[in-house]
Amino acid sequence: MQVLTNDHYEKILDLFDGTKREIKIISPFISIAMAKKLCDVVSNDNIDCKFITRFYLEDMFAKANSMDAIEMMMDAGIEIYALKGLHTKLYLFDDDYGILGSANFTAGGFKSNIELSLLISRDDGILGELKAYFDDLLKKIKESDEGRITKDVLVLGRKKYKFTFSSKKGKDKVISTFMYGAALNRRTTFEDSIEALSEIEKCGMDEDLVDSMFKTSEQKEQVFYDHTIWLKFEGEGNDRLEAKDGFPMTMVDVPDGTWYLSNYPFKVHSVKEDDEIYFAALTMDAKGKNQPVIVGRGHLAAFQDENRVKEEWVSQYKWMSRYPWYCIIKDSRILDMPVEDGIPMDEIWDELGSDTYISSFGKNERISDVAKKHYQKAHIRLSGNAKDYIDGRLADLEKKYGVIEYNSDL
């Protein structure tokens, strides 16, 4: 069991990437940004997904929930159900992991709000109970006449939204009591207008917007790419690469030729085909400071479960016993120079701050706080903004030093 605080977003991306069969989610609120991430996973990997949410018109007016996001998910083949009185947030991935806590399925919930959740693995007996909870809840919702969200429900919702929006422009305060969804007990029928108004007022207390006082504004627009951009560290804190040496690529012989490898201490299902990799040498920079220095980039082949190092490779590279899993580097361009002359991470941080990484983008975090989150990680997701900056600097250095190209025989 693991506590999640300011690393919700990076963790759910890892879980999305590692899912092979099904995702089950309960969240009252949904944002467009998170819906798109989920749709990409479901569509690209043929994942079965069921989602339980809340369909209150006032949530839509507050921008806490989104009919556009719901429709996007429906178009991707995700089954979406509505439940009145819903406040639960639960995320289940295959039979392997679950997240239970305060975070809604929104950009705020996973990126900028102050949230607290527990990441539960299949080794914890409670995961089976959470799966049973979801399945039992969904069974009861399906038995209701107002359980499944359909296109007709969206048409009705948008019609009522348009009418109420016009009324809200007047002088009087207008609140819509329109709620669609299953009512599993008498307390959540909300048929009486007073009960409905009371529920809406109570729900307004937990919407994402109320903790805006704790948010930091994203002053820079985030750049997105269709693939993941990894920063991969080479070397170790107690065994740094020699500053005056060139960058050492890990090469192994295979029956059909040569492979270049990126090694890891664990399986990395999050690495997909043609993900981009930036190589950071743990070394001493040109000013004598110990820090990562970026020396090149390349593309990866998707990680496979059989990507475990062979005995003969361990004989060649003793350190592989500690890093027994690998991805094949399909192609790479490494600067032809001593590693100390590359791009120090200090320079990138000075330029972008916490916008350097996906997990901290827009949060204005201190470098010490970000370093704690990334401590002992083999690789980290870079933001698209960082990629653009690094690409520009690498282009300049390539003109100055030239490059060495390494291509695996695939």
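**Exercise 1. Leaving aside its neighbours within four places in sequence, which residues is Lys142 in contact with?**

Before starting, keep in mind that this is a predicted model.

Step 1: find the residue. Lys142 belongs to helix H6, which covers residues 126-142.

Step 2: drop the neighbours within four places in sequence and list what remains in contact: Lys50, Glu79 and Tyr81.

Step 3: take one of these partners and compare sequence with space. Tyr81 and Lys142 are 61 residues apart in sequence, yet their C-alpha atoms are 8.1 Å apart.

Step 4: check the exposure. Lys142 has a relative accessible area of 47%, so it goes down as partly exposed.

**Exercise 2. Work out how the salt bridges of Asp48, Arg54 and Asp95 are placed, and say whether each partner is buried or partly exposed.**

Step 1: get the total. The count for the protein comes to 31 salt bridges.

Step 2: start with Asp48. Its side chain meets that of Lys50 in a salt bridge, 2.9 Å from N to O. Asp48 is partly exposed because its relative accessible area is 35%, while Lys50, at 15%, is buried. You've met Lys50 already, as one of the contacts of Lys142.

Step 3: go on to Arg54. Asp59 is its salt-bridge partner, with 3.1 Å between the closest N and O atoms. Here Arg54 is buried, at a relative accessible area of 0%, and Asp59 is buried too, at 4%.

Step 4: now Asp95, which forms a salt bridge with Lys131, again with the closest N and O atoms 3.1 Å apart. This pair ties together distant parts of the chain: Asp95 sits in the loop between strand S6 (90-93) and strand S7 (97-101), and Lys131 sits in helix H6, 36 residues apart. Asp95 counts as partly exposed at 40% relative accessibility, whereas Lys131 is buried at 15%.

Step 5: look for salt bridges that join up. One network links Glu276, Arg297, Arg333, Lys387, Asp391, Glu398 and Glu405.

**Exercise 3. Explain why Cys49 has no disulfide partner.**

Step 1: recall what you're looking for. A disulfide is a covalent bond between the sulfur atoms of two cysteines.

Step 2: find the closest candidate. For Cys49 that's Cys39, with 8.4 Å between the sulfurs.

Step 3: compare with the cut-off. The two sulfur atoms would have to be within 2.5 Å, so the sulfur of Cys39 is too far away for a bond.

Step 4: zoom out. The count of disulfides comes to zero.

Step 5: note where the cysteines sit. Cys49 is buried, with a relative accessible area of 1%, and Cys327 is buried as well, at 0%.

**Exercise 4. Describe the nonpolar cores, using Leu38 as your way in.**

Step 1: size up the main one. The largest nonpolar core has 44 residues, and those with the most contacts inside it are Leu38, Phe55, Phe105 and Ile149. Helix H2 (residues 32-45) gives the largest share of this core, six residues.

Step 2: list what Leu38 touches. Not counting residues up to four places away in sequence, its partners are Phe16, Ile23, Ile25, Cys49, Phe51, Met73, Ile78 and Phe105. So Cys49 from the last exercise turns up here as a contact of Leu38.

Step 3: look for a second core. Another one lies apart from the first, with 43 residues, including Ile277, Met337, Ile343 and Ile390.

Step 4: put this in context. Of the 410 residues of the protein, 51% count as buried.

**Exercise 5. Compare Leu118 and Ser121, both in strand S8.**

Step 1: place the strand. S8 covers residues 117-121, with Leu118 in it.

Step 2: compare exposure. Leu118 counts as partly exposed because its relative accessibility is 32%; Ser121 counts as buried at 16%.

Step 3: check the surroundings. Leu118 is part of a nonpolar surface patch with Met1, Val3, Leu116 and Ile126, with about 450 Å² of accessible area together. Ser121 touches Asp96, Tyr97 and Leu127, not counting residues up to four places away in sequence.

Key:
Residues are numbered from 1 along each chain as its sequence is written. This is a predicted model: local features need pLDDT of at least 70, side-chain atom pairs count only at pLDDT 80 or more; totals for chains, interfaces and linings use all residues. Side-chain values use heavy atoms; hydrogens and water are left out. Patches are made of residues with over 30% relative accessible area and no salt bridge: like charges are joined within 9 Å, nonpolar side chains (Val, Leu, Ile, Met, Phe, Trp, Tyr) within 5 Å. Accessible areas come from the Shrake-Rupley method with a 1.4 Å probe; for residues, only the protein chains shown count as cover. A salt bridge is a side-chain nitrogen of Lys or Arg within 4 Å of a carboxyl oxygen of Asp or Glu. Helices (H or I, at least four residues) and strands (E, at least two) are DSSP runs, numbered from the N terminus. Buried means under 20% relative accessible area, exposed over 50%, partly exposed in between (1.4 Å probe, protein chains only). Contact means heavy atoms within 4.5 Å. A nonpolar core is a set of buried Ala, Val, Leu, Ile, Met, Phe, Trp, Tyr and Cys residues joined through side-chain atoms within 4.5 Å.
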